[in-house]
Amino acid sequence: MRSIKRELERKRSALTEAIHSSMDSTREADHFRELAKDPYGSASLTHDEEIAAAVVDRRARELQQVNSALEDIEAGRYGVCRDCGSEIAEARLRVLPFATRCVACQAELETIRRAA
Ligand SMILES: [Zn+2]
């Protein structure tokens, strides 16, 4: 489990860095549009900004998952299914380090979601 923790910590710092750098480039794009005052140019910048914002959003959500997985490790409840309380297979955690449910409970949850 130690290696998963290291992996999560590495992911956390990479995500934090990526979020900061894309926020910087979004600010630069704002500044550039201010200078350009070109309606076509600003349209394409807005589109880029939308993409950048979506990327930041996705990374922020991922960062949240990394943080809560790390909290679970600290609290000693990492790798325990939050529905049935049984241990999540380590093979599953290697593929899906943020998994909070065992395969059976996750499958059940997805069946319910699909039905809804
Ligand atoms: Zn379960």
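**Helix packing around Pro97 in a predicted all-helical model**

Pro97 is found in the loop that runs between helix 3 (90-95) and helix 4. In this predicted model, Pro97 counts as partly exposed because 17 C-beta neighbours lie inside 10 Å, a number that falls short of the 20 or more required for a buried residue but exceeds the limit of 12 or fewer set for an exposed one. When residues up to four places away in sequence are left aside, Pro97 touches Ile4, Glu7, Leu8 and Ala69. The loop residue Pro97 is also 8.3 Å from Val66, C-alpha to C-alpha, although the two are 31 residues apart in sequence.

The contact between Pro97 and Ile4 leads to the start of the chain, where Ile4 lies in helix 1, which covers residues 2-36. Ile4 is partly exposed because 17 other C-beta atoms are found within 10 Å of its own, a count between the limits for exposed and buried residues. Beyond residues up to four places away in sequence, the residues that Ile4 touches are Leu93 and Pro97. A further long-range relation of Ile4 is with Leu70, since their C-alpha atoms are separated by 9.5 Å while the two residues stand 66 residues apart along the chain.

Two residues of helix 2, which comprises residues 39-75, illustrate how positions far apart along the chain are arranged in space. Gln65 is found in helix 2 and counts as partly exposed, because the number of its C-beta neighbours inside 10 Å is 16. The C-alpha atoms of Gln65 and Leu8 are separated by 9.7 Å, with these positions 57 residues apart in the sequence numbering. Glu74 also lies in helix 2, but Glu74 counts as exposed, because it has 10 C-beta neighbours inside 10 Å and the exposed class takes in residues with 12 or fewer. For Glu74 and Lys5, which are 69 residues apart along the chain, the C-alpha atoms are separated by 9.5 Å.

At the level of the whole protein, 4 helices and 0 strands are assigned, and the pattern read along the sequence is accordingly written α-α-α-α. Among contacts in the protein with a separation of 6 or more, 53% are accounted for by residues 24 or more positions apart. Of the 116 residues in the protein, 8% are buried. Helix 4 is hardly covered, for the count of buried residues among its 13 residues is 0. From its first C-alpha to its last, helix 4 reaches 18 Å, which is close to the 18 Å expected at 1.5 Å a residue.

The confidence of the prediction may be considered last. The mean pLDDT of the protein is 86, and 84% of its residues reach 70 or more. Confidence is lowest in helix 1, the helix that holds Ile4, at a mean of 82, whereas it is highest in helix 4 (residues 103-115), at 93.

How values were computed: Residues numbered from 1 in each chain as written. Predicted model: local features only at pLDDT ≥ 70, side-chain atom pairs only at ≥ 80, totals over all residues. Contact = placed C-beta atoms within 7 Å. pLDDT = per-residue confidence, 0-100. Expected span 1.5 Å × (residues − 1).
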